[in-house]
Amino acid sequence: MDPNHVALLEQFVKVLKQKPNLIHDPKLTFFKDYLISLGATLPEDQSATSTSPGPSGESKATAGQTNEEEEDVPKPEYDYSYVIEEADYDEVELPSQVEEVSEESMEKSSELRSAAMAALGDYNLEEALKLFTEALKSNPNSAPIFAKRASVLCKLKRPSAALKDCDRALKVNPDSALALMWRGRAYMILGDFEAAQKDFSQSARIDTNETLEEWIKENKPNADKMNKYKIALDRAKKDREVRAKKERLRRAQEEREKAERENAAGASGGTGMPGGAGFPPGAGAGSHPGAGMGMPGNIQDLFSDPEIMSAMQDPEVMNAFMDVQRDPNNISKYEHNEKVQKVLQKLAEKFGGPDGANM
């Protein structure tokens, strides 16, 4: 077998050991199926139960959004190959900034910084971290040393600590390209791709380098997806608010109409018949039951009729009476409505026309 192929396979296995969930990547389905055929036990797919391996990214993308909004917008498929989950570790010392650093302290800090750079060159990260920390104790106002220590912390997979160092460096020097670059890297490996791209871009405008350009290119697809996802969530939230407002207006309108009907019924003495006991005199053509029917001489006679009172509790009958009350000619609309005609006929038989004659 080609030694180069073996070396690549070895690197691939190392990556899988660091990120076991990568085995569930759709691109590796063929390899996953092969392992299963050999009887291998695979780790559970964490992406199915977790919103994101990067706590900073997804939480910021969905901050303030409801579960309903998240359900409305499909989540992007990010490349998590370089995102890590931080382990527990001791906090690194963060010396307080001072007003002035003596020449002696600056010289000592410079010596310690040189020793730390040598350790970093040998990839002795723990020693480099220790020496950079000592250098910062001598000169806590040095933005370059904070940025360098942040680079070590990122390599030690402690990005949250690296963010603090970068923030301190940028407090001292807002235009520190190195601090912006490593803060972007810390965001990137935490899964906050959009924040990472923002810092990368700002750093590149000040001073770019080959590593930075590579990170920008690698992070851009995830950053674009995260940005579009946030926009979609905001749009879904606004759409939901518009729908909720329309629903509130609809319900308010229904309540107003209901109150108007109840007020109209109350004005008639509680009979449920707008304008008193029936239609106005002379309503509609004489061919309809109830046409030309006048008001009864004693409205209590109407209240005492259980059949009429029961009919008036029917919304359809009630609405018909209200419609005809607004315009007596509308009585023709209910010519073929047996329910309404039955009540009209009952009223006509009970009260008759204006002269008292039955219809």
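User: How many salt bridges does the count come to in this structure?
Analyst: The structure is a predicted model. Side chains of opposite charge can pair when their charged atoms come close. With a side-chain nitrogen of Lys or Arg required within 4 Å of a carboxyl oxygen of Asp or Glu, the count of salt bridges comes to 14.

User: Which residue forms a salt bridge with K137, and where does that partner lie?
Analyst: K137 belongs to helix 6, and its partner stands 44 residues away along the chain, so the pair links distant parts of the chain. K137 is partly exposed at a relative accessible area of 39%, and the partner is likewise partly exposed at 42%. The closest N and O atoms of the pair are 3.3 Å apart, and the partner is E93. The place of E93 is the loop between helix 4 (67-72) and helix 5.

User: What is the N to O distance in the salt bridge of K333 and D323?
Analyst: K333 lies in the loop between helix 14 (315-326) and helix 15 (338-351), while D323 lies in helix 14, ten residues apart from K333. The two side chains meet in a salt bridge, with an N to O distance of 2.8 Å.

User: Is D323 buried or exposed?
Analyst: A residue counts as buried under 20% relative accessible area and as exposed over 50%. Its partner K333 has a relative accessible area of 53% and is exposed. D323 has a relative accessible area of 8%, and therefore D323 is buried.

User: Which residues are linked with E247 in a network of salt bridges?
Analyst: E247 is partly exposed, with a relative accessible area of 27%. Both E247 and R251 lie in helix 11 (residues 210-267), four residues apart, about one turn of the helix. Their side chains meet in a salt bridge at 2.9 Å, N to O. The network links E247 with R250, R251 and E254.

User: What is the relative direction of helix 5 and helix 6?
Analyst: Two packed helices are described by the angle between their axes and the distance between the axes. The axes of helix 5 (residues 103-121) and helix 6 (residues 125-138) come within 8 Å and cross at roughly 170°. Angles over 145 degrees count as roughly antiparallel. Helix 5 is therefore, relative to helix 6, roughly antiparallel.

User: How many nonpolar residues are in the contact of helix 5 with helix 6?
Analyst: On helix 5 the contact residues include S105, L112, A116 and L120, and on helix 6 they include L125, L131, F132 and S138. By class, the contact has three polar and four charged residues, and the number of nonpolar residues is eleven.

User: Which residues is S109 in contact with, leaving aside its neighbours within four places in sequence?
Analyst: S109 lies in helix 5. At 2% relative accessibility, S109 counts as buried. Leaving aside its neighbours within four places in sequence, S109 is in contact with A135, S138, N139 and I145.

User: How far apart are the C-alpha atoms of L112 and L136?
Analyst: L112 is found in helix 5 and counts as buried at 19% relative accessibility. Leaving aside neighbours within four places in sequence, L112 is in contact with L131, E134, A135 and S138. L112 and L136 are 24 residues apart along the chain, and the separation of their C-alpha atoms is 8.9 Å.

User: Which helices do the buried residues of helix 6 pack against?
Analyst: The 14 residues of helix 6 should span 20 Å at 1.5 Å a residue, and the end C-alpha atoms, 20 Å apart, agree. The buried residues of helix 6 include L129, F132, T133 and L136. The buried residues of helix 6 pack against helix 5 and helix 7 (143-155).

User: How many residues of helix 9 are buried, and which residue follows the helix?
Analyst: Helix 9 (residues 177-190) reaches 20 Å from its first C-alpha to its last, close to the 20 Å expected. Helix 9 is mostly covered, the buried residues numbering 13 of its 14. The residue that follows, with a positive phi near 100°, is G191.

User: What percentage of the residues of the protein count as buried?
Analyst: The protein has 15 helices and zero strands. Among contacts between residues at least 6 apart in sequence, 63% join residues at least 24 apart. Of the 359 residues of the protein, the portion that counts as buried is 39%.

How values were computed: Residues numbered from 1 in each chain as written. Predicted model: local features only at pLDDT ≥ 70, side-chain atom pairs only at ≥ 80, totals over all residues. Heavy atoms only, no water. Axes fitted to C-alpha atoms, helices over the stretch in contact; angles between N-to-C directions. Helix = DSSP H or I, 4+ residues; strand = E, 2+ residues; numbered from the N terminus. Parallel < 35°, antiparallel > 145°, perpendicular 65-115°, else oblique. Contact = heavy atoms within 4.5 Å. Nonpolar A, V, L, I, M, F, W, Y, C, P; charged D, E, K, R; others polar. Buried < 20%, exposed > 50% of the residue type's maximum accessible area, 1.4 Å probe, protein only. Expected span 1.5 Å × (residues − 1).
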